[in-house]
Amino acid sequence: MTSISYSDALNDALERMDDLGYERGQGVDLANHGPMGAEALALLGQEDEVARWVVRYRKAMEHHEPPAARFALDPADESSWRPALGAFDRAGDWERLFARELADAHWREVLARWWPRLIPGLFAGLTHGLIRTAHAVRGLYAATGKPTSLQLNELARGLAYWAARYAELPGYPRLGGSYDLPAAVAALPRVAPDGPMGPGTARRRLDTLDRLPGYDESLGRLAPEQAPRLLSEMTLQFADVYLGHPEVYPVPLVHGVTAPAAVRIVLPHLPHELHEPTLARLWQVHTAFLLAFTTDRREEGTDAWRSEARDLPPLDELGARAAEHGDEHVIKFTEACLREYALRPDPRYPAAAYAAQRRIARLDDGGGVRGV
């Protein structure tokens with residue numbers, strides 16, 4: 001039994017991390033995962049561990065200074081804000097814009113206004129703009145009482161990071177095909193690299209997606225489906241993908257699950273007409289993950305993962321194990337897998353969470369953050 005509430009644990013964590021910049025790392029630009037990890041840890045029933053985890057997280061890697069606000073952005077003037085999309089040096093301006101928006105209107109109204117403007121850039125920061133925004137949204141609606149200024153500031157920062165790292169993938173995805181998700185994934189060609197597969201290879205593939213075989217065709221292949229069902233198909237399919245690729249560096253593919261799980265948090269707070277375009281962009285992101293980080297289907301769609309999961313601990317232990325492990329990807333992935341399992345109890349969800357806990361280095365050993 002915890003001695004601190006979800007809301008108290010979350011707000012304490014946000015206060016402890018209020019000074020952290022948007023990104024971290026020496027010579028690299030890695031997303032600040034602190035607020036996301038702390039919120040997920042509290043959702044896992046580990047509220048008493050959140051403060052200790054924040055201390056561990058802050059020690060693990062130095063964060064960059066946040067870009068300062070310089071020039072005001074006018075949300076009513078597209079010629080003011082649109083050129084600043086994807087300009088990371090304008091992150092401070094974006095944060096100030098969203099702070100003003102949230103001071104003047106309900107957070108749901110702000111979210112609905114900006115969501116269609118931002119979803120074409122869903123890939124921003126390897127989907128971390130979306131994911132940080134979703135964790136902030138859950139903090140707002142899951143908390144009791146009036147939202148705190150810390151929680152509203154966190155939503156402003158999630159949206160600001162998304163806008164500042166906005167990145168459109170090539171092509172226009174649409175749900176107009178006849179393939180269900182497993183068939184669409186199976187139909188996507190995977191290309192072996194000319195040399196060793198590494199972060200540089202993945203980066204080059206992301207930069208040339210529209211020249212890779214099958215990419216353009218994939219964007220219109222997926223059939224329309226109700227959002228809750230398709231989100232379950234996405235999270236289960238990519239839990240399976242994660243299990244089927246033990247040879248791949250273990251962090252990037254977790255976002256194939258955490259991104260649609262994040263969308264599930266937000267969609268109930270958005271107009272229905274935004275659901276389908278959001279799902280189409282998610283499929284585009286999934287296509288990019290598969291083409292950038294995998295070179296064949298390996299053990300996808302097989303029972304090979306069962307040998308990995310023979311010593312799978314009880315479900316109610318996975319959250320505590322994630323807290324002890326400490327890596328922020330492990331915490332977020334475990335929370336997403338358990339939440340999706342509650343909706344669709346397929347054993348691949350807990351098996352994938354357990355696999356990540358073994359494949360990704362513990363936080364105190366350097367974590368799994370290199371290159372993502």
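A residue counts as buried when its relative accessible area is under 20%. Keep that cut-off in your pocket, and remember that what you're looking at is a predicted model.

Let's try the cut-off out on a loop. Thr-127 sits in the loop between α6 and α7, and its relative accessibility is just 1%, so it counts as buried. Leu-126 is found in that loop too, between α6 (107–118) and α7 (128–142). With a relative accessibility of 14%, Leu-126 also falls under the cut-off and counts as buried.

These two residues have something else going on in their backbone. Most residues other than glycine have a negative phi. Thr-127, though, isn't a glycine and has a positive phi of about 75°. Leu-126 has a positive phi as well, near 55°, and it isn't a glycine either.

Now step back and take in the whole chain. How many helices and strands are there in the protein chain? There are 18 helices and two strands. The chain's radius of gyration is 19 Å, close to the 21 Å that the globule rule gives for 372 residues, so the chain is as compact as a globular protein of that length. If you drew a box around its C-alpha atoms along the principal axes, that box would be roughly 50 × 50 × 40 Å. Of the 372 residues, 58% are buried. The surface that the chain does expose comes to about 15000 Å², and carbon and sulfur atoms supply 50% of it. Here's another way to see how the chain folds back on itself: take the contacts between residues at least 6 apart in sequence, and 81% of them join residues at least 24 apart.

Next, let's look at how helices sit against each other. Two packed helices are described by the angle between their axes and the distance between the axes. Start with helix α12 (residues 227–243) and α14, which pack at an angle of about 10° with their axes 11 Å apart. Angles under 35 degrees count as roughly parallel, so α12 and α14 are roughly parallel to each other. On the α12 side, the residues that meet α14 include Leu-230, Met-234 and Phe-238, and among their partners in α14 are Leu-279, Trp-283 and Leu-290. The residues of this contact divide into 10 nonpolar, two polar and no charged.

One residue of α14 is worth a closer look. His-275 lies in this helix, which covers residues 275–293. Is His-275 buried or exposed? Its relative accessible area is 15%, so it is buried. Leaving out residues up to four places away in sequence, His-275 touches Ala-227, Leu-267 and Leu-270.

For a second pair, find helix α17 (residues 328–343) and helix α18 (residues 348–359). They pack at about 170°, with their axes 8 Å apart. Angles over 145 degrees count as roughly antiparallel, so that is the label for α17 and α18. Among the residues that meet here are Phe-333 and Tyr-341 in α17, and Tyr-349 and Ala-353 in α18. This contact divides into nine nonpolar residues, two polar and one charged.

Finally, visit Gly-37 in helix α2 (residues 34–43). Its relative accessibility is 0%, so Gly-37 counts as buried. Which residues does Gly-37 contact, leaving aside neighbours within four places in sequence? They are Trp-53, Ile-331 and Lys-332. Glu-65, by comparison, is 28 residues away from Gly-37 in sequence and 20 Å away in space, C-alpha to C-alpha.

Methods. Residues are numbered from 1 along each chain as its sequence is written. This is a predicted model: local features need pLDDT of at least 70, side-chain atom pairs count only at pLDDT 80 or more; totals for chains, interfaces and linings use all residues. Side-chain values use heavy atoms; hydrogens and water are left out. Axes are lines fitted to C-alpha atoms, for helices over the stretch in contact, and angles run from 0 to 180 degrees between N-to-C directions. Helices (H or I, at least four residues) and strands (E, at least two) are DSSP runs, numbered from the N terminus. Angles under 35 degrees count as roughly parallel, over 145 as roughly antiparallel, 65 to 115 as roughly perpendicular and the rest as oblique. Contact means heavy atoms within 4.5 Å. Ala, Val, Leu, Ile, Met, Phe, Trp, Tyr, Cys and Pro count as nonpolar, Asp, Glu, Lys and Arg as charged, and the others, Gly among them, as polar. The radius of gyration is taken over C-alpha atoms; the globule rule is 2.2 Å times the number of residues to the power 0.38. Buried means under 20% relative accessible area, exposed over 50%, partly exposed in between (1.4 Å probe, protein chains only). Accessible areas come from the Shrake-Rupley method with a 1.4 Å probe; for residues, only the protein chains shown count as cover.
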